[in-house]
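Here are a few exercises to work through with the model on your screen. Try each one yourself before reading the solution.

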Amino acid sequence: MSKSLVGTKIQIRGWIWRTRSSGGIVFAVVRDATGVMQVTVKKDNVPDADFEAASKAGIESSVVIEGEVAEDKRAPGGFEIRATSFQLVGSSEAFPITEYQSTELLLDLRHLWIRSREQNAISRIKDSLIRGAREWFHENGYIEVNPPIITGVAPEDSTTLFQLKYFDRIAYLSQTAQFYLESLIYSLEKVYSLTPSFRAEKSRTPRHLAEYWHLEMEAAWVDNEGNMKVQEELVSAMLHNAVAECSPELKFLKRDPAILQKIEPPFERMKYDEAMEYLQKKGLEVSWGSDLGAIEERELTKDKTIPVFVVNYPKELKPFYMKENPEDPRTYKNSDLLAPEGFGEIIGGSERETDNALLLERLQEKGESLDSYKWYLDLRKYGSVPHSGFGLGMERIVTWVCKLEHIRDAIPYPRTVARVYP
Ligand code: 4AD
Ligand code: MG
């Protein structure tokens with residue numbers, strides 16, 4: 001609402017957010033997709049039937065209101081509408097969500113809770129982050145592609161696969177588009193995709209979903225250092241787009257946009273070895289070969305304000321397709337990008353192994369059936385090139401950017417081990 005509208009007549013359509021009445025006046029706050037607006041309905045200013053409707057309209061009733069815009073310092077936003085007509089479109093039964101509700105109840109009523117201002121703000125910020133990413137990819141010559149979701153390969157952890165009956169065979173829901181993106185670089189060189197990925201994670205943690213949105217890129221002629229450059233530029237562009245478009249929403253969620261605006265390349269790079277030394281100094285019981293879990297990642301980043309790359313992990317901690325690090329063959333040429341303030345891993349990426357003999361060896365060690373990977377190994381036979389890529393968990397970045405306590409709030413309908421309803 002702007003000052004220039006004061007004194008003009010407008011129509012708004014929306015849902016009753018709050019309402020109270022006293023002595024011939026109904027004070028309603030109406031919300032629509034963009035925000036909330038105070039409305040006063042005076043008995044003398046509207047037809048009798050309209051006043052009756054306004055008096056009866058409960059929370060979440062849908063309404064169409066006409067009236068004059070006036071300044072009012074006490075109103076949210078500083079303006080109100082003085083109604084000249086009030087039309088009740090869809091009445092609402094007593095709304096089951098009131099002010100203080102348990103997390104469980106809000107999850108059971110997720111189809112209604114997504115109307116909340118918090119969920120509205122998070123969805124807008126997520127949209128802005130995604131659009132920032134798409135714009136960055138487009139400006140930098142990447143092509144968006146559509147890899148399959150039903151697949152026969154298990155690039156990541158085979159213990160977290162969702163199996164499905166696929167006609168008379170077994171197939172899996174995709175954990176990552178990576179192998180398909182790898183195949184597409186031989187045609188398009190620089191590709192990306194945004195798809196759902198599925199992980200049958202049995203652990204209940206505040207950072208794991210069974211279904212999440214995965215933003216992945218793959219590029220020919222790019223080494224691990226180049227891969228990190230793409231990540232830091234992409235993440236910065238996403239953040240800056242969200243700041244430009246969604247500062248009010250960020251502030252509503254108690255995230256200071258200025259902190260995100262300051263995030264720019266280059267991000268800090270820390271070798272896995274250095275990370276271990278740092279954690280040992282902090283008194284954590286870790287040694288070379290220990291994985292970085294939520295606790296370790298939090299310790300590494302809780303005092304940081306910009307993301308940190310941890311590079312060159314021991315091979316036994318990472319999947320088979322990564323490129324061996326010639327400087328220390330116990331490790332890979334890979335990186336995890338950790339969000340600051342203790343939020344932990346948001347991206348996993350690496351240069352890819354191009355040596356088929358090494359890939360075969362590692363697949364056999366894993367006990368994988370080589371039939372499913374024949375096509376993947378073909379990619380190294382016909383004009384192999386150095387290449388790299390990464391995957392960014394959209395809900396992970398949203399959790400950080402929106403300062404959420406739990407990743408389930410970064411998606412309208414979270415899928416976890418405990419829940420497929422609603
Ligand atoms: O580290 P991950 O497992 O790496 C891959 O899948 C690679 N194949 C990606 C690639 O190189 N194309 O997953 C990538 C990212 C993680 O950094 C994290 O942000 C997110 O996906 N992620 C999850 N997000 C929510 N819930 C889960 N269960 C997730 N598992 C991974
Ligand atoms: Mg990872």
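**Exercise 1.** Find the volume of the second largest pocket, and say which residues lie nearest its centre.

*Solution.* Start with the size: the second largest pocket has a volume of about 770 Å³. A pocket here is an open set of points on a 1 Å grid over the protein atoms alone, where a 1.4 Å probe fits, with protein on both sides within 12 Å along at least five of seven lines; lining residues have an atom within 4 Å of a point. The volume is the space filled by probe spheres set on the points, which are joined across faces, edges and corners.

Next, the lining: 27 residues line this pocket, and Asp32, Ala33, Thr34, Gly35 and Val36 lie nearest its centre. Then ask which elements take part: β1, β2, β3, α4 (117–139) and α6 (224–252) each supply at least two residues. Helices (H or I, at least four residues) and strands (E, at least two) are DSSP runs, numbered from the N terminus. The biggest share comes from α4, with 6 residues.

A word on the ground rules: this is a predicted model, where local features need pLDDT of at least 70 and side-chain atom pairs count only at pLDDT 80 or more, while totals for chains, interfaces and linings use all residues. Residues are numbered from 1 along each chain as its sequence is written, chains are lettered from A and ligands numbered from 1 in the order in which they are written, and side-chain values use heavy atoms, with hydrogens and water left out.

**Exercise 2.** Now do the same for the largest pocket: which strand gives the most to its lining?

*Solution.* Its volume is about 1,000 Å³. Of the 43 residues in the lining, Glu156, Arg199, Glu201, Lys318 and Glu345 lie nearest the centre. At least two lining residues come from each of β11 (211–220), α9 (294–301), β15 (344–351) and β16 (387–393). The strand you want is β15, which gives the most, with 6 residues.

**Exercise 3.** Trace the closed barrel and say in which order its strands run.

*Solution.* The barrel has 5 strands in the order β1-β2-β3-β5-β4, with mixed pairing; two strands pair if DSSP finds at least two bridges between them. From one strand to the next, the twist averages 50°. Axes for such angles are lines fitted to C-alpha atoms, for helices over the stretch in contact, and angles run from 0 to 180 degrees between N-to-C directions.

Now add helix α1 (residues 48–56): it packs on the sheet and touches β2 (25–32), β3 (35–42) and β5 (79–90), with its direction at about 90° to that of β5. Contact means heavy atoms within 4.5 Å. Finally, look at β1 (residues 9–22) and β4 (residues 62–71), which run antiparallel and are joined by 7 bridges. For one residue to check, arginine 13 has valine 64 in β4 as its bridge partner.

**Exercise 4.** Work out why the pair of phenylalanine 179 and phenylalanine 320 is described as it is.

*Solution.* Rings of Phe, Tyr and Trp (its six-membered ring) pair if their centres lie within 6.5 Å; planes under 30 degrees apart count as stacked, over 60 as edge-to-face and the rest as tilted. The count comes to 16 aromatic pairs. For phenylalanine 179 and phenylalanine 320, the centres are 6.0 Å apart and the planes stand at 85°, so the pair is edge-to-face.
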